[in-house]
Amino acid sequence: RDRSPSRGLGDVYKRQVIRYCVNESVNLIVSSYANQAAVNHIPMQISITATEFSRFQITDLCSLFANALENALHACQQMNPQSQRYISLKVYEKNTQLCIQIKNSYEQPVVFADDIPISRSVNHGIGVQSMISVVEKYHGVYGFFADHGEFRFQASM
């Protein structure tokens, strides 16, 4: 009988949790996606200098980071493995605002409707709407940009 532990979502968190910032929940999310990027041979650069997360509900922050990083990882996974795949995450504070910038490479054309990236795939596109909802909940601003093989999500809230 096989006595090996079952592998599930929790196993992603067991691999390696690196302390990127003071917020443990953000560390778990970012570490999870950093591990997935490493498994897929996608270089990921992470810089989190922000220290003040207390005015945000942790479920909102986790939703925002998880959806944004999931989209970045998915775009890179669709690329030819020999391509220049990468993900960059930068989180910092400026004028009491939490600023987030996520950049990633992509090859598949990005389709926008009213400056929002849209997906024609079934069960896709909900993550972007969740990201927008979180930023708007905190009266923030956001932008999505795609040019020359680089996709960027920027938010300040």
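1. Let's start with the order of the elements. Reading from the N terminus, the protein chain goes α-α-β-α-β-β-β-β-α-β-β. That gives four helices and seven strands in total. Please keep in mind that you are looking at a predicted model.

2. Next, the chain as a whole. It has 157 residues, and 41% of them are buried. Among contacts with a separation of 6 or more, 61% join residues that sit 24 or more positions apart. The accessible surface of the protein chain is about 9,400 Å², and carbon and sulfur atoms hold 49% of that surface.

3. Now zoom in on one residue in helix α2, which covers residues 24–39: serine 31. Is serine 31 buried or exposed? Its relative accessible area is 1%, and buried means under 20%, so serine 31 counts as buried. The side chain of serine 31 also has a partner, as it reaches the backbone nitrogen of isoleucine 18 at 2.9 Å.

4. Helix α4 is a good one to trace by eye. It spans residues 126–137, which makes 12 residues. From the first C-alpha to the last, α4 reaches 16 Å, close to the 16 Å expected at 1.5 Å a residue. The buried residues of α4 are Gly127, Val128, Met131, Ile132, Val134 and Val135. Why do they line one face of the helix? Seen down the axis of α4, these buried residues fall within an arc of 160 degrees, so they line one face. A general rule helps here: an α-helix has 3.6 residues a turn, so residues three or four places apart point the same way.

5. What covers that buried side of α4? The cover includes helix α3 (58–77) together with the strands β5 (116–118), β6 (141–147) and β7 (150–156). Just beyond the helix, look for histidine 139, which follows α4 and has a positive phi near 55 degrees.

6. On to the aromatic rings, where the structure holds four pairs. One of them joins phenylalanine 56 and tyrosine 138, with 4.9 Å from centre to centre and 70 degrees between the planes. Planes over 60 degrees apart count as edge-to-face, so this pair is edge-to-face. The pair links distant parts of the chain, since its two members are 82 residues apart. Phenylalanine 56 lies in the loop between β1 (44–48) and α3, while tyrosine 138 lies in the loop between α4 and β6. Both phenylalanine 56 and tyrosine 138 are buried.

7. Another aromatic pair is made by phenylalanine 144 and phenylalanine 151; it is tilted, at 6.3 Å centre to centre with 45 degrees between the planes. Phenylalanine 144 and phenylalanine 151 are both buried. They also belong to one aromatic cluster, made of Tyr142, Phe144, Phe151 and Phe153.

8. Finally, take a look at two loop residues with positive phi. Most residues other than glycine have a negative phi, which makes these worth a second glance. Histidine 41 has a phi near 55 degrees and sits in the loop between α2 and β1. With a relative accessible area of 66%, histidine 41 is exposed. Aspartate 115 has a phi near 65 degrees and is found in the loop between β4 (111–113) and β5. Is aspartate 115 buried or exposed? Its relative accessibility is 62%, and exposed means over 50%, so aspartate 115 counts as exposed.

Methods:
Residues are numbered from 1 along each chain as its sequence is written. This is a predicted model: local features need pLDDT of at least 70, side-chain atom pairs count only at pLDDT 80 or more; totals for chains, interfaces and linings use all residues. Side-chain values use heavy atoms; hydrogens and water are left out. Buried means under 20% relative accessible area, exposed over 50%, partly exposed in between (1.4 Å probe, protein chains only). Contact means heavy atoms within 4.5 Å. Accessible areas come from the Shrake-Rupley method with a 1.4 Å probe; for residues, only the protein chains shown count as cover. A polar contact is a pair of N or O atoms within 3.5 Å; within protein, one must be able to donate a hydrogen and the other to accept it, and residues adjacent in sequence count only if both atoms are side-chain atoms. The expected span of a helix is 1.5 Å times one less than its number of residues. The arc is that of the directions from the helix axis to the C-beta atoms. Rings of Phe, Tyr and Trp (its six-membered ring) pair if their centres lie within 6.5 Å; planes under 30 degrees apart count as stacked, over 60 as edge-to-face and the rest as tilted.
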